[in-house]
Amino acid sequence: MDLFKKSGTELSFMLRSKECSAREIVSSIYSRIDSVEEKLGSYVTLTRNMADKKADIVDKKIASGEIISPLAGIPVGVKDNILVKDVRNTCSSKMLENFVAPYNSTVVEKMLDQDCLIIGKLNMDEFAMGSSTETSYFKDTKNPHNLDCVPGGSSGGSASSVAGYQATVSLGSDTGGSVRQPASYCGIVGLKPTYSSVSRYGLVSFASSLDQIGPMGRTVKDVHLLYSAISGYDKKDRTTVDISNIPTDISELKNLSGIKVGIPSEYYLTDKNTDVIKSIESFIKFLEKSGAEIKQVSLPNTKYSIPVYYILSSAEASSNLARFDGVKYGYRASDYTNFQDMYKKTRTEGFGEEVKTRIMLGTYVLSSGYYDAYYNRAQSMKKMMKQDFDRVFEECDIIVTPTTTTTAFNLGEKINAHMDMYTSDISTAAANITGIPAISIPSGRDSKGLPIGVQIMGKHFSEKLLFDVANFYEKSIDGFDLKIKI
Amino acid sequence: MKFDLENIANLSMLYPDGFDRDKILKKMESIIKMVEVLPGVDIKNSDNISGNEVILREDIIEPSLSRDEVLKNAPSVQGGCILVSKVID
């Protein structure tokens with residue numbers, strides 16, 4: 001029985017009805033990893049002992065008739081910037097190559113409380129800076145739909161492991177689209193939750209005002225399951241809020257009547273994106289046919305998403321990454337003349353080119369003479385973009401856009417065309433800047449057979465509605481098509 | 001605009017010779033060109049829009065990691081302290 005192919009909800013049901021054991025699930029997942037990891041390169045570190053021990057606990061609980069939690073015995077992969085105690089946490093950087101996490105992040109603590117099986121730590125763009133996972137210090141990760149293509153990024157390992165059946169669900173982090181873009185490229189579901197609904201404690205900071213940990217899975221219900229487990233107030237992250245009175249359970253909708261859908265006129269699609277245009281148009285037709293009311297709307301300031309995103313995220317990154325100085329933890333250069341020299345050599349040798357570029361951009365926009373023109377102005381633009389969305393949400397319940405303007409590109413194709421890489425966040429960054437939730441779901445394939453994703457955005461804390469609509473679509477098409485050849 | 005690699009690298013605690021000079025200058029200049037649209041945008045209405053409220057926690061001391069746990073990841077340790085080179089010559 002190929003347990004690795006089952007969804008989280010299927011596995012949970014099978015465990016409860018004793019059709020399989022948690023140990024069997026672990027064995028199935030690791031034998032799948034053994035057979036495809038060399039081709040996909042999803043993982044940086046595997047945590048088999050940890051998963052085995054947890055599986056034994058789950059099996060004992062089931063044998064003794066104890067009620068198990070919905071995520072018990074479900075294999076989860078964790079992006080390598082989310083701390084798991086006593087496990088290496090590299091952020092796919094030479095800087096943290098040998099860093100072992102001394103504590104659990106809150107999301108991992110919550111998953112372990114639910115007896116999840118943590119399978120390993122997943123490859124990513126270095127310090128989550130990138131859109132293809134090619135800036136990883138360790139290796140490239142491949143797209144399971146086409147091994148010549150990137151899986152997207154920065155949570156590329158989180159997407160490829162789930163699409164390649166090396167994990168049932170996974171955690172990624174999304175600062176400008178890093179969960180949704182790889183989910184779209186790999187044909188899976190990925191959620192960027194409302195800012196402040198999921199604790200960032202134990203997530204290595206990139207841009208603190210934009211970062212959110214997000215769940216990824218092959219079905220909407222699996223993503224919902226993981227979101228329900230990790231969300232909520234955490235006293236260790238003062239930006240989190242108590243959302244326990246906000247319902248999140250999925251309602252099985254019969255149609256979409258009464259739901260108002262906003263379609264922004266700013267699509268950023270050109271005639272080069274015909275397959276993406278066709279897919280989004282057919283998705284909109286589906287919504288309309290199902291009873292939703294379609295409205296043309298405008299979000300005029302979203303055209304500044306990319307510059308605003310790069311100014312704010314790089315400014316925050318330049319400050320957050322100042323902690324990597326070779327003193328307390330991480331890489332330290334071996335040959336230096338004095339303290340200053342040690343700092344500079346450590347950082348010059350320990351960070352890759354993309355990270356150093358972003359640190360310098362952040363330093364530049366915060367430097368004397370430029371602070372007002374760039375950083376302060378980007379902060380003002382953030383407020384204006386938020387106002388755009390608030391206005392649209394007065395007349396709409398959700399906003400629908402393509403997740404990305406293209407499908408997965410070839411490895412190496414854009415690594416030196418950084419502006420193309422940067423603008424790939426054009427549809428996703430606005431949700432981070434304004435703090436709203438957004439989910440990416442598969443909506444078809446292009447002429448080369450690569451997955452296309454559609455993004456559904458909602459008001460703050462409206463995750464339930466996003467899940468309801470996404471689940472309704474998934475059911476209507478009899479499940480997402482995730483045919484991969486490997 | 002001109003990007004002063006030496007100055008910005010120095011402020012970033014990086015050595016400019018850690019880069020392919022031509023490549024990084026070209027890259028930084030194209031990124032700056034992209035963000036340069038912002039200074040021209042009209043933001044006069046943004047002052048009336050409220051931003052997010054910052055909530056601070058009480059300054060209460062709580063148990064944290066032990067000294068041993070903290071030192072485990074330090075590159076160089078001696079006598080229970082992190083060892084660094086001389087700070088004042």
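**Exercise 1. Salt bridges between the chains**

Task: State how many salt bridges join chain A and chain B, and describe one of them.

Solution.
Step 1. Start with the rule: a salt bridge is a side-chain nitrogen of Lys or Arg within 4 Å of a carboxyl oxygen of Asp or Glu.
Step 2. Between chain A and chain B the count is four salt bridges.
Step 3. One of them pairs K23(B) with E353(A), at 3.3 Å from N to O.

A note on the source: this is a predicted model, where local features need pLDDT of at least 70, side-chain atom pairs count only at pLDDT 80 or more, and totals for chains, interfaces and linings use all residues. Residues are numbered from 1 along each chain as its sequence is written, chains are lettered from A and ligands numbered from 1 in the order in which they are written, and side-chain values use heavy atoms, with hydrogens and water left out.

**Exercise 2. The interface**

Task: Describe the contact between chain A and chain B by its residues, its buried area and its polar contacts.

Solution.
Step 1. Count residues. Contact means heavy atoms within 4.5 Å. Chain A gives 56 residues and chain B gives 51 residues.
Step 2. Take the area. Buried area is the accessible area (1.4 Å probe) that two parts lose on being put together, summed over both. Here the two chains bury about 4,900 Å² between them. Carbon and sulfur atoms carry 68% of that area.
Step 3. Count polar contacts. A polar contact is a pair of N or O atoms within 3.5 Å; within protein, one must be able to donate a hydrogen and the other to accept it, and residues adjacent in sequence count only if both atoms are side-chain atoms. Between chain A and chain B there are 13 residue pairs in polar contact, both at pLDDT 80 or more.
Step 4. Find the helices. Helices (H or I, at least four residues) and strands (E, at least two) are DSSP runs, numbered from the N terminus. On the side of chain A that touches chain B, at least two residues come from each of α9 (305-320), α10 (339-350), α11 (353-366), α12 (371-395) and α13 (418-422). The most come from α12(A), with ten residues.
Step 5. Sort by type. Ala, Val, Leu, Ile, Met, Phe, Trp, Tyr, Cys and Pro count as nonpolar, Asp, Glu, Lys and Arg as charged, and the others, Gly among them, as polar. That side of chain A divides into 28 nonpolar, 13 polar and 15 charged residues.

**Exercise 3. A residue in α10**

Task: Place T348(A) and list what it touches.

Solution.
Step 1. T348(A) sits in helix α10 of chain A.
Step 2. Check exposure. Buried means under 20% relative accessible area, exposed over 50%, partly exposed in between (1.4 Å probe, protein chains only). T348(A) has 12%, so it is buried.
Step 3. Look at the side chain. A polar atom of the T348(A) side chain lies 2.6 Å from the backbone oxygen of K344(A).
Step 4. Leave aside neighbours within four places in sequence. T348(A) then contacts K356(A), L14(B), Y15(B) and G18(B).

**Exercise 4. Cysteines**

Task: Decide how many disulfides the whole structure holds, then check C116(A) and C149(A).

Solution.
Step 1. A disulfide is a pair of cysteine sulfur atoms within 2.5 Å.
Step 2. The search over all chains finds zero.
Step 3. For C116(A), the nearest cysteine sulfur belongs to C20(A), 15 Å away. C116(A) is buried, at 0% relative accessibility.
Step 4. For C149(A), the nearest cysteine sulfur belongs to C186(A), 9.7 Å away. C149(A) is buried too, at 3%.

**Exercise 5. Backbone angles in the loops**

Task: Find the cis peptide bond at S154(A), then describe phi at C91(A) and F127(A).

Solution.
Step 1. The cis bond joins G153(A) and S154(A), with omega about 5°. S154(A) lies in the loop between β3 (117-122) and α5 (156-163) of chain A.
Step 2. F127(A) belongs to the loop between β3 and α5 of chain A. Its phi is near 50°, a positive value in a residue other than glycine. F127(A) is buried, at 3%.
Step 3. C91(A) has phi near 55°, also positive in a residue other than glycine. C91(A) is in the loop between β2 (75-79) and α4 (106-113) of chain A. At 1% relative accessible area, C91(A) is buried.
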